[in-house]
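Visitor: Please take me through one part of this model closely, the nonpolar core and its surroundings. A connected account would suit me better than a list.

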Amino acid sequence: MPQYYEEKEEDHRACAGVREDFKACLLQHDCVVKEGKKPSECLKEGHCKALQTSFFECKRSMLDARSRFRGRKGY
């Protein structure tokens, strides 16, 4: 679920909620915080895989012509 803040600007781009959660998951993961690795290195190790998959599906649904009727995947 996306995290909501009172003073935060709204992002009207596609897949904004999934993008925000994916970013927060990576930046708050022990791989980045405690071990000091880059988020890209942690992705290669397989951290936050479920959010990465849902972000990919959301971006892919933007190109799918059927999504005009079904709506975008994600939140």
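Guide: Start at Phe 22. Leaving aside its neighbours within four places in sequence, Phe 22 is in contact with Leu 43, Cys 48, Leu 51, Gln 52 and Phe 55. Keep in mind that this is a predicted model. Phe 22 lies in helix H1, which spans residues 16–28 and has the highest mean pLDDT among the elements, 91.

Two of those partners, Cys 48 and Phe 55, belong with Phe 22 to the largest nonpolar core. This core has 8 residues, and the others in it are Ala 14, Cys 15, Val 18, Leu 26 and Cys 58. Two elements, H1 and helix H4 (49–63), each give two or more residues to it. H1 supplies the largest share, 3 residues. In soluble globular proteins, nonpolar side chains tend to be buried together.

Now set the core against the whole chain. The protein has 5 helices and 0 strands, giving the pattern α-α-α-α-α along the sequence. Of its 75 residues, 24% are buried. The exposed surface comes to about 6100 Å², and carbon and sulfur atoms supply 53% of that area. Among contacts with a separation of 6 or more, 41% join residues 24 or more positions apart.

Confidence varies along the model. The mean pLDDT of the protein is 82, with 81% of residues at 70 or more. In contrast to H1, helix H5 (residues 67–70) has the lowest mean pLDDT among the elements, 70.

Terms used. Residues numbered from 1 in each chain as written. Predicted model: local features only at pLDDT ≥ 70, side-chain atom pairs only at ≥ 80, totals over all residues. Heavy atoms only, no water. pLDDT = per-residue confidence, 0-100. Helix = DSSP H or I, 4+ residues; strand = E, 2+ residues; numbered from the N terminus. Buried < 20%, exposed > 50% of the residue type's maximum accessible area, 1.4 Å probe, protein only. Contact = heavy atoms within 4.5 Å. Areas by Shrake-Rupley, 256 points an atom, 1.4 Å probe, with all protein chains shown as cover. Core = buried A, V, L, I, M, F, W, Y, C linked by side-chain atoms within 4.5 Å.
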